[in-house]
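Got the viewer open? Load the model below, switch to cartoon, and keep the selection box handy while we walk around.

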Amino acid sequence: MFDPDIAPSGTLLGLLQRGRGDGTLHALAAPRAEALAALNDSVLRDPRRDWQVENRSLYYARLYMQLDGGLEEIERHLFHPDDLTDPGEERTGLALAVLGHLAAYGRDAALLLLRSYAAAGTNWRWALDELALRDDDAGLATLAPAVLARFPHTAEGDAELAAAVRDAFEPRPWRLWAEDPRYGERIRAAQEQGCFDRWQRQLRPSGPRPGWSVTEVLDWAQQGLELHPEEWRQVPAARCLAAVAGPEDRPELLRAARTGPDAARAAALRHLAERGDPEALDLIEAAAADPFSSRPLAEAALAAFERMRAVAAVERARRWAPRPDALGAAGATMLARRGSRGDADLVLAALRRTVRTEGPDAGGLWELVDGVGRLGVACAAPVLRHIYRETSSSHLRGRAAGALAVTDPGFPAGFAVECLWDCEESTRELAARHAATGDDRVVEQLRRLAADPAEEAEVQTAVRSRFGPDAPAL
């Protein structure tokens, strides 16, 4: 994850970067040159906070089609000299995904550009995956010489080829090339090597062995931290403890959770929390509230608390929720997930406090937004609208829309309308179920989504529910 440079939410660029439905509507109403400049900026400088999970490619591809935008800027970006020095997928992945959708819509120029980049670009694997979904066999066959030329006929080159074949997201090109007598022998050997590599990894596990004691599991957890400071093994270690720890081991686990070294302490805390041990809550609070605790330890302790399901955990959350620290945030999150109607004020207060102190992109907002929706907190609508407008996370915006659908009577005629053009399929699905049809644009967009072969099945199912025989007339 990274922090992109996001324009203000009231600008055309800011709307497009966020993937909001209003971005498409404003772009279609703006001068074409201005709209295309903002669109190209969004595609070439990926605006997503988490580029691996947030959707933008179909959203931008549709707008390219509606604006009849050219692909010259994308081509210059893909074949810029930076492509040789910056191999990161985040530099070119969004542009390649947009080209994939444009190719599916019948833009031959997009298909040809993908082929050219797959043959010569640094992020060729992504381009090849896009082509695997959209190109015909003849087009893919022409790429084999260029792709295989990347792997010299050496032991190292063969190993890299085996890894590429093994890790391919879309295996269709490799299977096609394996049937070609010119390359088949080498591709099949790479496929066999990849299978052998998986088998070897399965035979040589590096984790705990059957028969390990509680002490050995805790030592293994701590060794991971000492060998690799970024590697915390409390989750797999807790799973191992569940298999080997008995009632007689509780004193040792309590000692480790109270005074053990950080990684072993985190593993013991998680195990005790998952077992609902009566001392787990006090131990978690001690680890999280101690100013001398390392940040990873405090976070691991709070993560263990989040997994607790006992009534005592909810009661402790009510005590913590008013606090303005990490314990307070964890308590409010627990109440957002499992609290009752009587906890609505605590959840709403935490939501407002988080927005006020950390802004509309704070990580803790996700569960709180869901919580006020689950609890039906009507007076949360103003802060939910603020999050919807300002957040740069399209997933968080979708959650805010879901909460507004429950708490805001004006949602169907308001934000639900623009959500029909949103970049996230789940948000479009929500809008398809809720958007009021008094606006002609709504009916037109519903019909467009129903006919678009690129639209997700869940969205089209929601649209069909509005057009079915028992649905209200559109």
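Colour by accessibility to begin: buried residues make up 49% of the 474 residues in the protein chain. Here buried means under 20% relative accessible area, exposed means over 50%, and partly exposed is what lies in between, with a 1.4 Å probe and protein chains only. Before you go on, note that this is a predicted model, where local features need pLDDT of at least 70, side-chain atom pairs count only at pLDDT 80 or more, and totals for chains, interfaces and linings use all residues. Residues are numbered from 1 along each chain as its sequence is written, and side-chain values use heavy atoms, with hydrogens and water left out.

**The whole chain**

Go back to the cartoon and you'll see 30 helices and zero strands. Helices (H or I, at least four residues) and strands (E, at least two) are DSSP runs, numbered from the N terminus. Turn the C-alpha trace along its principal axes and it spans about 70 × 65 × 45 Å. Take the contacts (heavy atoms within 4.5 Å) between residues at least 6 apart in sequence: 65% of them join residues at least 24 apart.

Now put a surface on. The accessible surface comes to about 22400 Å², and carbon and sulfur atoms hold 52% of that; such areas come from the Shrake-Rupley method with a 1.4 Å probe, and for residues only the protein chains shown count as cover.

**Stop one: helix 3 and helix 5**

Select Asn40, which is found in helix 3 (residues 32–44). Buried or exposed? Asn40 counts as buried, at 12% relative accessibility. Leaving aside neighbours within four places in sequence, Asn40 is in contact with Tyr64 and Glu73. Add Ala95 to the selection: 55 residues along the chain from Asn40, with 9.4 Å between the two C-alpha atoms.

Follow the contact to Glu73, which is partly exposed at a relative accessible area of 33%. Which residue does Glu73 pair with in a salt bridge? The partner is Arg76, and the closest N and O atoms are 2.5 Å apart. A salt bridge here is a side-chain nitrogen of Lys or Arg within 4 Å of a carboxyl oxygen of Asp or Glu. Glu73 and Arg76 both sit in helix 5 (residues 72–78), three residues apart, about one turn of the helix.

Step back to Asp68, in the loop between helix 4 (57–67) and helix 5. Check its backbone: phi of Asp68 is near 50 degrees, a positive value in a residue other than glycine. Asp68 counts as exposed, at 56% relative accessibility.

**Stop two: a negative patch**

Select Asp82, Asp86, Glu89 and Glu90, which form a negative surface patch. Patches are made of residues with over 30% relative accessible area and no salt bridge; like charges are joined within 9 Å, nonpolar side chains (Val, Leu, Ile, Met, Phe, Trp, Tyr) within 5 Å. Glu89 lies in helix 7 (residues 89–104) and is partly exposed, with a relative accessible area of 37%.

While you're looking at charge, Lys and Arg count as positive and Asp and Glu as negative, with His and the chain ends not counted. Each charge is placed at NZ of Lys, CZ of Arg, CG of Asp or CD of Glu. The mean positions of the 58 positive and 73 negative charges are 4 Å apart.

**Stop three: more salt bridges**

The structure holds 34 salt bridges. Pick Arg337 and Glu306, which meet at 3.9 Å, N to O. Arg337 lies in helix 22 (residues 326–338) and Glu306 in helix 20 (residues 295–306), so the pair ties together parts that are 31 residues apart in sequence. Arg337 is partly exposed at 33%, and Glu306 is partly exposed too, at 29%.

Next, try Glu455 and Arg428, a salt bridge at 2.9 Å, N to O. Glu455 is in the loop between helix 29 (440–451) and helix 30 (457–467), and Arg428 is in helix 28 (residues 425–434), so this pair ties together parts 27 residues apart in sequence. Glu455 is buried at 5%, and Arg428 is buried at 3%. Widen the selection to see a network of salt bridges linking Arg62, Arg428, Asp452 and Glu455.

**Last stop: across the model**

Select Asp282 in helix 19 (residues 280–289), partly exposed at 47%. Then draw a line to Ala29: the C-alpha atoms of Asp282 and Ala29 are separated by 58 Å, with their positions 253 residues apart along the chain.
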